[in-house]
Amino acid sequence: ILTGANIGMTDGGSVRADIKAGEIRIKDILDVLPYDNLIYELEVDGKQIETTLNACIQKLPLEDGEFPQVSGLTFTLNINQGENKVSDLKVLNPKSGNYEPIDYNKKYTIATIDYIAVGGGMYNTLQGCKIVRKDIMVDKDALIEYISKNMNGHVEQEYAKPQGRIKVNGTR
């Protein structure tokens, strides 16, 4: 919402706590996002998105801070001995409200944090991608703005459950 990007993506290691349903305090946000990560917007093609997701899931089933947290995107995670792969990638069409199969040749925009935008960790697959905008806002400020303006400072119980963006096949 803040950037208008097709996809939001961060690494699980940047998210450091849970937010319980109910009234949200600034301290809760600071616990969740303790770093001052700046939001960037990148332009990438569908194939780069798949390559990035595949790179970031290779340590599974071990717990790993590089595991992707996404919005505007759904996929199936296939956990296999030797090599994990994503499949069934779909991107949200904002006009129809439906998820549609990713087009590997199409350019998409990703809102992410500076660590990922410059190719940190396994996100080095995004290194060199076109930066559309940088230093948009600090991530915690964006979350505060979103919760204040769109949720009236209150997170409902429905967000306590997985949102179904990532499906898992295989054993963990």
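How many disulfides does the structure hold? The answer is 0, and the close-ups below, all taken from a predicted model, start with the cysteines behind that count.

**View 1. Cysteine 56 and cysteine 129, two cysteines in no disulfide.** Look for the sulfur of cysteine 56 here: the nearest cysteine sulfur belongs to cysteine 129 and sits 12 Å away. Turn it around and the story holds, since cysteine 129 has the sulfur of cysteine 56 as its nearest, again at 12 Å. A disulfide needs the two sulfur atoms within 2.5 Å, so this pair doesn't qualify at 12 Å. What about solvent? Cysteine 56 counts as buried because its relative accessibility is 2%. Cysteine 129 comes out at 11% relative accessibility, so it counts as buried too.

**View 2. The open sheet of 5 strands.** Reading across, the order is E4-E1-E8-E3-E9, and the pairing is mixed. Strand E4 (68-71) and strand E9 (130-133) are the edge strands, each pairing on one side only. From one strand to the next, the twist averages 35°. Helix H2, residues 46-56, lies across E1, E3, E4 and E8. Relative to E3, helix H2 runs at about 115°.

**View 3. Strand E1 between E4 and E8.** Which way do the neighbours run? Strand E1 (residues 7-11) is antiparallel to E4, with 4 bridges joining the two. One residue to pick out is threonine 10, whose bridge partner in E4 is glutamine 69. Toward E8, strand E1 runs parallel, and here 2 bridges do the joining. On that side, isoleucine 7 stands opposite isoleucine 110 of E8.

**View 4. Strand E8, mostly covered, and its partner E3.** How many residues of E8 are buried? It's 6 of its 7, so to speak a mostly covered strand. E8 and E3 pair in the antiparallel sense, over 7 bridges. Along this pairing, glutamate 43 stands opposite threonine 109 in E8. If you're following side chains in this view, keep in mind that in a regular strand they alternate between the two faces of the sheet.

**View 5. Helix H4 and its buried side.** Helix H4 takes in residues 139-151, 13 residues in total. At 1.5 Å a residue it should span 18 Å, and the end C-alpha atoms are 17 Å apart, which agrees. Which residues of H4 are buried? They are Asp139, Lys140, Ala142, Ile147 and Met151. These cover an arc of only 155° around the axis, which puts them on the same side of H4. It helps to recall that an α-helix has 3.6 residues a turn, so residues three or four places apart point the same way. The buried residues pack against helix H1 (26-32), strand E3 (39-45), strand E8 (107-113) and strand E10 (154-155). Just after the helix comes asparagine 152, with a positive phi near 50°.

**View 6. Proline 94 in the loop between E6 and E7.** Strand E6 (85-93) comes before this loop and strand E7 (98-101) after it, with proline 94 found in between. Is proline 94 buried or exposed? At a relative accessible area of 69%, proline 94 is exposed. Glycine 72 is worth showing alongside: its C-alpha atom and that of proline 94 are separated by 8.8 Å, while the two residues are 22 residues apart along the chain.

How values were computed
Residues numbered from 1 in each chain as written. Predicted model: local features only at pLDDT ≥ 70, side-chain atom pairs only at ≥ 80, totals over all residues. Heavy atoms only, no water. Expected span 1.5 Å × (residues − 1). Buried < 20%, exposed > 50% of the residue type's maximum accessible area, 1.4 Å probe, protein only. Arc of directions from axis to C-beta. Contact = heavy atoms within 4.5 Å. Pairing = 2+ DSSP bridges. Axes fitted to C-alpha atoms, helices over the stretch in contact; angles between N-to-C directions.
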